[in-house]
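Thank you all for making the time. Please have a look at the sequence and the structure first, and then I will walk through a few features.

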Amino acid sequence: MEHLPATRPTNFCDACAIRNRAICADLDDSEIGLLNGIGRRRQLEAGEQLMWEGDEAVLVANVIDGVLKLASHSADGGEQILGLAYPSDFLGRPFGETAPYGVEALTDAQICVFERKDFDRFARDHPRLEHKLLERTLTELDRSRRWMMLLGRMNAGQKVASFLLELTDRLGKAGAGGETFVTLPLSRQQMADVLGLTIETVSRQLSRLRSAGLIDTPSRREIVLRDRREVEELAG
């Protein structure tokens with residue numbers, strides 16, 4: 001892992017774009033300074049693996065920018081995507097000895113990474129962070145349940161609609177006319193892989209949403225959500 005250059009400002013948390021949404025949001029300035037002392041920034045390239053399922057849990061991390069996938073593998077080598085991690089999400093399992101899933105960057109990403117043992121020690125000494133960890137764990141559990149429902153019980157149209165809603169919730173920007181704009185962090189092939197569909201099915205479902213006037217697709221990587229209520233009804 002790369003160390004911070006000596007010329008870099010001591011407290012990189014001051015300029016963090018997701019500080020008010022991250023796991024460290026409730027810490028005061030002195031606590032942030034201490035946390036900053038055990039963390040460092042790291043850049044990941046698309047396709048780069050951060051954690052491996054079943055390996056020793058060495059790291060935990062905050063996502064600053066980019067999208068990563070959480071995945072598990074069956075005995076025959078098949079991959080099951082358990083969910084996606086977006087900016088402000090927390091990765092890894094504090095107080096655990098092994099990594100419960102693998103983590104891979106789907107896009108170029110930036111993370112704030114900590115040695116797990118250092119982070120565990122800090123969390124034990126700072127109850128506000130430990131409480132935040134519990135909140136995040138429960139939120140992650142709820143998201144995992146929704147994701148399993150998405151993959152296991154929804155049809156193709158519901159999957160694509162639900163995924164677009166998640167993307168706009170996490171990455172979207174509101175327009176003046178009530179629409180939501182989002183730049184897709186994934187290609188359509190990646191969307192298909194994440195949702196367990198074929199690229200043809202994903203493209204067909206997007207075309208149906210566009211024909212119904214519910215979305216626009218100015219380019220292959222841009223979505224404009226025009227009627228959220230209708231898309232929510234389609235998602236079930």
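Let me begin with a convention: two strands count as paired if DSSP finds at least two bridges between them, and the strands themselves (E, at least two residues), like the helices (H or I, at least four), are DSSP runs numbered from the N terminus. What you see is a predicted model, in which local features need pLDDT of at least 70 and side-chain atom pairs count only at pLDDT 80 or more, while totals for chains, interfaces and linings use all residues. Residues are numbered from 1 along each chain as its sequence is written, and side-chain values use heavy atoms, with hydrogens and water left out.

With that in hand, E2 and strand E7, residues 102-105, pair in the antiparallel sense over two bridges, and glutamine 49 stands opposite glutamate 104 in E7. Both strands belong to an open sheet of four strands in the order E2-E7-E4-E5, with antiparallel pairing. Strand E2 (49-51) and E5 stand at the edges with a single partner strand each, so one side of each is left without a neighbour in the sheet.

Strand E5 (79-85) also leads us to the interior, since together with helices H4 (156-171), H5 (188-195), H6 (199-211) and H7 (228-235) and strand E12 (222-225), each supplying at least two residues, E5 contributes to the largest nonpolar core. By such a core I mean a set of buried Ala, Val, Leu, Ile, Met, Phe, Trp, Tyr and Cys residues joined through side-chain atoms within 4.5 Å, where buried means under 20% relative accessible area, exposed over 50%, and partly exposed in between, with a 1.4 Å probe and protein chains only. This core has 28 residues, and those with the most contacts inside it are Leu84, Phe163 and Val194. The largest share, six residues, comes from H4. Apart from it lies another core, of 18 residues, among them Leu27, Val60, Cys112 and Phe122.

Phe122 takes us to helix H2, residues 116-125, where Arg116, Phe119, Asp120, Phe122 and Ala123 are buried. Seen down the axis of H2, these buried residues fall within an arc of 165° (taken from the directions from the helix axis to the C-beta atoms), so they line one face of the helix. On the other side, Lys117, Arg124 and Asp125 are exposed.

Finally, alanine 176, in the loop between strand E9 (173-174) and strand E10 (180-183), is exposed, with a relative accessible area of 92%.
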